[in-house]
Amino acid sequence: MKRSEAVADAAISLLAERGMRGLTHRAVDEAAGLPPGSTSNLARTRAALLELTLSRLTELEERALASAYREVPREHGDLPGQLAEAVLTQLGDRRRTLARYELALEATRRPELRTIYDEASRRFRDPAAALLAAAGSRDPERHAWQLVAFSEGLMFDAIAGAGKEPTLDDLRQAFGDMLCGMLA
């Protein structure tokens with residue numbers, strides 16, 4: 001593992017465990033088991049550390065969600081299942097999802113991070129639009145935005161809200177209902 005990955009992975013864990021206030025260069029050094037000053041040598045400023053962390057988080061999430069963006073199942077029969085599995089994947093790594101929420105909130109206060117966050121978001125929305133277009137959506141861009149917002153709402157409710165953690169069947173049904181309206 002590269003040092004930049006070790007630093008970013010430690011930062012992701014710290015964001016999930018302690019929130020934005022717990023993310024310091026010194027805390028990352030300790031969490032990553034690196035000598036003092038290592039994180040500062042790699043990412044001099046807090047902004048640079050946040051950017052490094054968001055880039056790594058995007059990479060990890062893209063890898064975890066790759067199967068969700070595979071070809072549309074024949075007859076679109078299992079598209080709800082594909083999407084349900086993607087949300088369960090995200091819920092399965094609460095650390096990553098909590099860190100992303102922390103970074104999303106921080107991006108509302110830091111324009112330089114907002115730009116990076118928005119670009120990362122496009123890396124998920126564009127494949128969703130392509131998936132929905134292949135499934136027959138007449139407005140794949142709008143539907144992709146709705147699909148991502150719906151998915152984020154389900155995850156937020158399960159992780160930070162008052163909702164229960166949904167099962168694969170719960171999610172399959174929810175996505176089936178949503179897609180039925182989109183693709184009718």
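Select F156 to start: in this predicted model, F156 is partly exposed, with a relative accessible area of 43%. That value lies between the 20% that marks the upper limit for buried and the 50% above which a residue counts as exposed, so "partly exposed" is the right label.

Now look for aromatic company. Searching the whole structure turns up 2 aromatic pairs. F156 belongs to one of them, together with Y101: the ring centres are 5.4 Å apart, and with 65 degrees between the planes the pair is edge-to-face. Show the helices too, and you'll see that this pair joins distant parts of the chain, with Y101 sitting in helix α6 and F156 in helix α8, 55 residues apart. Click on Y101 next. Is Y101 buried or exposed? Y101 is buried, at a relative accessible area of 13%.

For the other pair, select F150 and F175. Their ring centres are 5.5 Å apart and their planes meet at 80 degrees, so this pair is edge-to-face. Here the link runs from F150 in helix α8 to F175 in helix α9, 25 residues along the chain. Colour these two by accessibility: F150 is partly exposed at 28% relative accessible area, whereas F175 is buried at 0%.

Time to select helix α8 itself, residues 140–159. Its 20 residues should span 28 Å at 1.5 Å a residue, and the C-alpha atoms at its ends are indeed 28 Å apart. Highlight H143, A144, L147, V148, S151, M155, A158 and I159, the buried residues of α8. Then turn the view to look down the helix axis. Those buried residues fall within an arc of 135 degrees, so they line one face of α8. What does that buried set pack against? Bring up α5 (79–92), α6 (94–107), α7 (111–134) and α9 (168–183), and you have the packing partners.

Finish on α6, the helix that carries Y101. Put a distance between its first and last C-alpha: α6 has 14 residues and reaches 20 Å, close to the 20 Å expected at 1.5 Å a residue. Now pick out its buried residues: R96, T97, A99, R100, Y101, L103, A104, E106 and A107. Don't skip over the charged names in that selection; R96, R100 and E106 are among the buried residues of α6. To see what covers this set, show α1 (3–18), α4 (46–65), α5, α7 and α8, which are included in the cover. That brings you back to α8, where F156 sits.

Definitions and conventions: Residues are numbered from 1 along each chain as its sequence is written. This is a predicted model: local features need pLDDT of at least 70, side-chain atom pairs count only at pLDDT 80 or more; totals for chains, interfaces and linings use all residues. Side-chain values use heavy atoms; hydrogens and water are left out. Helices (H or I, at least four residues) and strands (E, at least two) are DSSP runs, numbered from the N terminus. The expected span of a helix is 1.5 Å times one less than its number of residues. Buried means under 20% relative accessible area, exposed over 50%, partly exposed in between (1.4 Å probe, protein chains only). The arc is that of the directions from the helix axis to the C-beta atoms. Contact means heavy atoms within 4.5 Å. Rings of Phe, Tyr and Trp (its six-membered ring) pair if their centres lie within 6.5 Å; planes under 30 degrees apart count as stacked, over 60 as edge-to-face and the rest as tilted.
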